[in-house]
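Colleague: I am new to this structure. Please give me a close look at one part of it, and tell me how far to trust it.

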2 protein chains.
Amino acid sequence: MLVQEYFKTRKVLIEEALETYLPPSDLYPENLHSAMRYAVFSGGKRLRPILFFAAYEMLLGKKNINRLERLLPVACALEMVHTASLIHDDLPSVDNSEERRGQPSCHIKFGEATAILAGDALLTKAFEVLTEIRNRKIALDCIQILTRAISTRGMIGGQAVDILSVKKKINLNTLRYIHLKKTGALLQAAMELACAANEAEENITITLGNFALNLGLAYQIVDDILDEVGSFDILGKEPGEDNRNNKATYSNLMGLEKSKKTAEKLLRDSYNLIKNMNNNDILVEFINMIKDRLP
Amino acid sequence: MLVQEYFKTRKVLIEEALETYLPPSDLYPENLHSAMRYAVFSGGKRLRPILFFAAYEMLLGKKNINRLERLLPVACALEMVHTASLIHDDLPSVDNSEERRGQPSCHIKFGEATAILAGDALLTKAFEVLTEIRNRKIALDCIQILTRAISTRGMIGGQAVDILSVKKKINLNTLRYIHLKKTGALLQAAMELACAANEAEENITITLGNFALNLGLAYQIVDDILDEVGSFDILGKEPGEDNRNNKATYSNLMGLEKSKKTAEKLLRDSYNLIKNMNNNDILVEFINMIKDRLP
């Protein structure tokens, strides 16, 4: 199967499931349900659930869309948690982003209070859909993996350090912590969930988790570089935002050239972790996608 | 056992467990963990987890504190969810409450961004601790019950309607909806969780759920009445706040006398639902506690 075809079919599968899981916009209270749907269906690339499926199918040894239906709760839970975090991150008291993917952020469109509640509701919905997994051991493993990834030792911890670091001089270790937790933890969870669903051995789980952490960090560094030297077209948003917001970036802290070398090394490390695995073509494609964004 | 003794011992048990579950304040990121602990250990009465234990022990037919240890995740999850909802409700864009239990609200003390994240982290922690329950069926049932109670058909739905109703004329049905969802859903969940932990029959679950919904509604009506005619000492906060915030209340919509009669009827209905159950003494005490607040 062509890589583009893979991404397209899995995205359709995930979006159809999200459509089914989320309460309809015309259900009372309408504004809350509309806010949830607005945030979820605003053009996301569904990278986390696709990454989850890619790892799961690699471990399964075949790409068969019929086998994936029963794991849609896991894929959708990842996307719901990611969306909840974006809604809360965009709030005025957090990152104060009025736009997301070229559209008004959830709180601009629906008001702050409803946006806070929509985030809470999506976070809760993620756990609700995970209880639908038939195999009880797998369901509980998935819930445990996801709570850990979201927790103060994961995504929320990274975001907490991030908001305290604005307008402060931070060092490279702190910036690395922020990215590993804020972005990396959920990507790592996508891998761990794929392993749990496949009842994979622990060493595979650790290897794939590290693959995702390297990948996530590389993605952030490339994002930092593009914010410095990229254009609106490549970045999908106005460049220079990090500097305007006084955010520490890799390119600020270590310079453009060394940032680029660090990203390349992380991508090489990612590749080395999975290069001997069979059916790794989609995971390799994730590495290439990030490499292709490097200027 | 004396009723006061019961409340005291169960409260100690719950607070010791919360102490263990929550990350220490000096763990990085400290401000986030401090905010979570500040909100959880700010003098809450632990009514929801105590109500859960009371129903569980009634169904079990004995009050034996040793049997309760394995259900501490359920009791603590209820308190964590309740606290998360209070943190987010108090935010400036929601109810804008600068005080909670006579102390500065979480966002006043730690800033809005950290308060939002602390709420998210407590919500997530609730599900994390529920995965610790040994019996997998009971663990998944509990997670499902709690997600439903929090969801847009429960607590969050009630809060969403509440924030849209401020400064608007709403009717009694809408006010009833707000209270049944915003307060009632989590009390009902406390009963359903007790039933799930005891693998009780469905008719018991429905009866105890209705008991809790009536109890919650009665509590809210009494609160509305006290906000009108009560003193700071009885209410634990400055009376008249609802009127100052243009909030619809039962006493506004149906008058003091009829509000009082409605509360009394709800408490009678609550009692009738459980009067024939053995060992119902603590549940009956919850009814009496509300009755005693009536002026």
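Colleague: What is the mean pLDDT of chain A, and what percentage of its residues reach 70 or more? Then take me to α8(B): are its residues mostly buried or exposed?

Modeller: Confidence comes before detail. This is a predicted model, where local features need pLDDT of at least 70, side-chain atom pairs count only at pLDDT 80 or more, and totals for chains, interfaces and linings use all residues. Residues are numbered from 1 along each chain as its sequence is written, while chains are lettered from A and ligands numbered from 1 in the order in which they are written.

Chain A has a mean pLDDT (the predictor's confidence in each residue, from 0 to 100) of 94. In that chain, 98% of residues reach 70 or more. The model scores are ipTM 0.96 and pTM 0.96.

Now α8(B). This helix is mostly covered, with 9 of its 11 residues buried. Buried means that 20 or more other C-beta atoms, placed from the backbone, lie within 10 Å of the residue's own. M155(B), I156(B), G157(B) and G158(B) are among the buried residues. Q159(B), A160(B), V161(B), D162(B) and I163(B) are buried too. Elements here are DSSP runs numbered from the N terminus: helices are H or I with at least four residues, strands E with at least two.

What do these residues pack against? In chain B, the partners are α4 (72–90), α7 and α9 (172–197). From chain A come α2 (30–40) and α6 (112–130). After α8(B) comes K167(B), with a positive phi near 65 degrees.

So look at the chain contact itself. Here 39 residues of chain B are in contact (C-beta atoms, placed from the backbone, within 7 Å) with 39 of chain A. On the chain B side, α2 (30–40), α6 (112–130), α7 (136–150) and α8 (155–165) each give two or more residues. The largest share, 12 residues, belongs to α6(B). By type, that side holds 20 nonpolar, 13 polar and 6 charged residues. Asp, Glu, Lys and Arg count as charged; Ala, Val, Leu, Ile, Met, Phe, Trp, Tyr, Cys and Pro as nonpolar; the others, Gly among them, as polar.

Finally, the two chains as copies. A turn of 180 degrees and a shift of 0.0 Å along the axis lay chain B on chain A, with an RMSD of 0.0 Å. That is the relation of a two-fold axis. In chain B, R136(B) has the C-alpha nearest the axis, 3.2 Å away. The same surface serves both copies, as 100% of the contact residues of chain B recur in chain A.

Methods:
Two residues are in contact if their C-beta atoms, placed from the backbone, lie within 7 Å. Copies are superposed by least squares on the C-alpha atoms of residues with pLDDT of at least 70 in both. A residue is buried if 20 or more other C-beta atoms lie within 10 Å of its own, exposed if 12 or fewer, and partly exposed in between; C-beta atoms are placed from the backbone.
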